[in-house]
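The following report describes a single protein chain with its bound ligand, moving from the interior outwards to the sheets and the metal site.

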Amino acid sequence: MGGVWSNTYGFIKGVTDGVHMMKPEGEHPSVVRTNPGLPVVALMNQDTIQYALNPETYKKEPYSFGPVGVSKDVLRGHCPSMFSNDEDHRRKKALLVDAYKQGEKSLSSILFNQIKAHFGEWSRLKDVPDFEERVFHIMSETLTEALFGRKIDGQLCFTWLNGLITEAKTWIPMPSLAWKRRQAIKAIPELLKAIETAPKYRELVQLCHTHGVEVEEGIFTILYGTLFNGCAAQTAAIVSSVARLHTLSDAEKNEIIQTTLQVLEKHGGVSEESLGDMKTLESFILEVLRLHPPVFNYWVLARKDLVISPEKENIKVCKGERMLGCCFFAQRDGSVFPDPDRFRWNRFLDEQGGQKKHLFFPRGSFMEAADLNSHQCPGQDIGFFMMKTTLSVLLCYCSWELKDAPVWSDKPIRVGNPDDPVRLVRFNFRSEQAGRALVNTSAKKI
Ligand code: HEM
C-alpha cells in the first residue's frame, strides 16, 4: 500500500503524480509508510492527522519541507517561526501575533485603495497573462504597508519569496533553483532598507525587544510569516477561487453574486458587518479551501515513540521519525464530508459548525483559535478579511474571461491551483460602483 520507493523515484513521482502518488489505485489507508522523496509515515485521515497537529506528538524540523527546504542564506540564518519549536517558537509567534494586531488597524483602507488601483490598472490592459503574480502584488503591497507603514514593491517581495524554497534533497541538477536563490539573496539589502526606513520600523523594533527577539531575526520572522505564510497562501486561495468559479453553472455563480451584492447594498458597502453577512461567499471560500488547501502537507518529526492506528494498520513510529500530516486527504475524508470529492459551494451554508470543525487548512481545526503552543495559522482573521473583500469586489463589480479551462491534478508545488497558471484574456472593472462600496474604513476583520 502507498508504495515504498527510493528517494529519487519518490521525488519524481511526487512531481509528476502530485499528491495522488500516496493513494495509488484509490486505496484508503488511514496511515501509510511511503516515500515522496524521503521515507515518511503519512497520516491520511481525520484521526491520524491529529499526530501532526497535537504539539505533544510532533516537533518541527528546522528549514524543512521533507524533500525540499527553505534556504538559510535567503533567511540570513534566521529560522522562521513555522520551523521553530517550544520557547523559540512561542517568542516568535507572540511577536507575529502582536505585529498583526497593530497592522490590522489600517488594513481596510489600505486594501480598498490597493484593489481600486490594481483592478483599474488591469482593466486598462489588453489581457492579464500574469494574473497570479498580480494577485500576489495586491496581497503583499497591502500587508507590507499595513505592517511597516509603507508599501514594499510587490516585485521585490516576489523575487525574495521565489528564492526561498530552493534546497532540494536530490542529486537531480536543478540550475533554476540556484538562480532563483541568487536573485533572492541579491534582493535582501533593498528589502531591508525599505523596511528600516519605513514609518513603523521603530514600533516593530520595540515589539522585538518586548518579546526578547533580536531585531534582524524579528524582521525576518515577520517577512517570512507575512510573505510566505500569509501572502502566498492567500494568493493561492484567491486564484483557486477564480478558477473554481469557472467550473460552476451560471445559476450557481449568479446565486453567489446576487446574495453578495444584496449584502453590500444592505450595509452600504464593504464593512465588518457586511463581510460577516456574506454567508454564501464564505461557504464557497471554505469549499475551495477544503478541496484545494494551499498547504497540502504538514511535515513533522515524532516527538516520542507512537503507535498509529493500532486496530488497523498498526504502524509503530520511533521518536525523531518523519511524519506527514496530509491535509489534502483529511479534508476528503468521507466519514465527515459526504460526497467528499465533489465541489459543493453551498456545503457550509447554514450548517451549525458540523463540518467546519473538520477543516484543517489553517493547520488545526478551523473552529479553534491559534495559540502560542501550536503552529496553527495566526493570520486567519486577516486572511478571511482580505479574501472576502477581494472576491466580493471581483464578483460584484468585475467581469473577466479565463484563457484556459482549469484542470487540477493536485501538485503540491501549485499550492492548490490548477496545473497551468491562471491567465485572463479580458478584465473589466466597474470602478465607480466599486468605489462606492469601498469607502467604509470601519471594516477590519470578519
Ligand atoms: C488562505 C489564507 C491562509 C491559509 C490557508 C494559511 C494556512 C497556514 C498554514 C497551513 C500554516 C501552517 C504552516 C506549517 O506550520 O506547516 C500557517 C501558518 C502561519 N500563517 Fe497562515 N494561512 C493563511 C493566511 C495567513 C495570513 C494572511 C497571515 C499573515 C498575515 C498568515 C500568517 C501565518 C504565520 C505567521 C504562520 C506561522 C505560525 C506559527 O509559526 O506558529 N497566514 N498558515
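## Cores, sheets and the iron site

The largest nonpolar core has 120 residues, and those with the most contacts inside it are Met-22, Phe-119, Phe-131, Trp-160, Tyr-224, Phe-284 and Phe-427. Helix α7, which spans residues 215–247, gives the most to this core, with 14 residues. Apart from it lies another core, of 12 residues, among them Val-31, Ala-52, Tyr-58 and Leu-306. The model is a predicted one, and what follows should be read in that light.

Tyr-224 illustrates the surroundings of one such core residue: leaving aside residues up to four places away in sequence, Tyr-224 touches Phe-65, Val-70, Leu-75, Pro-80, Met-82, Phe-83, Trp-160, Leu-164 and Asn-229.

On the scale of the whole protein, there are 13 helices and 12 strands. The radius of gyration is 21 Å, close to the 22 Å that the globule rule gives for 446 residues, so the protein is as compact as a globular protein of that length. Its C-alpha atoms fill a box of roughly 60 × 50 × 40 Å along the principal axes, and buried residues make up 57% of the 446 residues. Of the contacts with a separation of 6 or more, 73% are between residues 24 or more positions apart.

Two open sheets can be described in turn. One has five strands in the order β1-β2-β10-β7-β3, with mixed pairing. Strands β1 (31–34) and β3 (58–59) stand at its edges, each with a single partner strand, so one side of each is left without a neighbour in the sheet. Strand β7 (residues 297–302) pairs in the antiparallel sense with β10 (residues 322–326) over five bridges, and β3 pairs with β7, also in the antiparallel sense, over two bridges.

The other open sheet has three strands in the order β4-β5-β6, with antiparallel pairing; its edge strands are β4 (64–65) and β6, each of which pairs on one side only. Two bridges join β4 to β5. Individual residue pairs from both sheets are listed below.

| Residue | Residue opposite | Strand of the residue opposite |
|---|---|---|
| Val-300 | Met-323 | β10 |
| Tyr-298 | Gly-325 | β10 |
| Lys-59 | Leu-301 | β7 |
| Phe-65 | Val-68 | β5 |

Strand β7 deserves a closer look. Six of the six residues of β7 are buried, so this strand is largely enclosed by the rest of the structure. In a regular strand the side chains alternate between the two faces of the sheet. Both faces of β7 are covered, with Asn-297, Trp-299 and Leu-301 buried on one side and Tyr-298, Val-300 and Ala-302 buried on the other.

Helix α1 (residues 7–17) includes the buried residues Gly-10, Phe-11, Lys-13 and Gly-14. These cover an arc of only 165° around the axis, which puts them on the same side of α1. What covers the buried residues of α1 includes β5 (68–70) and β6 (165–168), and these strands belong to the three-stranded sheet. The helix is followed by Gly-18, whose phi is positive, near 65°.

Which residue is the protein donor of the iron atom of the ligand? The only protein donor is Cys-377, through its SG atom, at 2.4 Å. Cys-377 lies in the loop between α11 (327–330) and α12 (380–397).

How values were computed
Residues numbered from 1 in each chain as written. Predicted model: local features only at pLDDT ≥ 70, side-chain atom pairs only at ≥ 80, totals over all residues. Heavy atoms only, no water. Buried < 20%, exposed > 50% of the residue type's maximum accessible area, 1.4 Å probe, protein only. Helix = DSSP H or I, 4+ residues; strand = E, 2+ residues; numbered from the N terminus. Arc of directions from axis to C-beta. Contact = heavy atoms within 4.5 Å. Pairing = 2+ DSSP bridges. Donors = N, O, S within 2.8 Å, 3.2 Å for Na, K, Ca; no water. Core = buried A, V, L, I, M, F, W, Y, C linked by side-chain atoms within 4.5 Å. Rg over C-alpha atoms; globule rule 2.2 N^0.38 Å.
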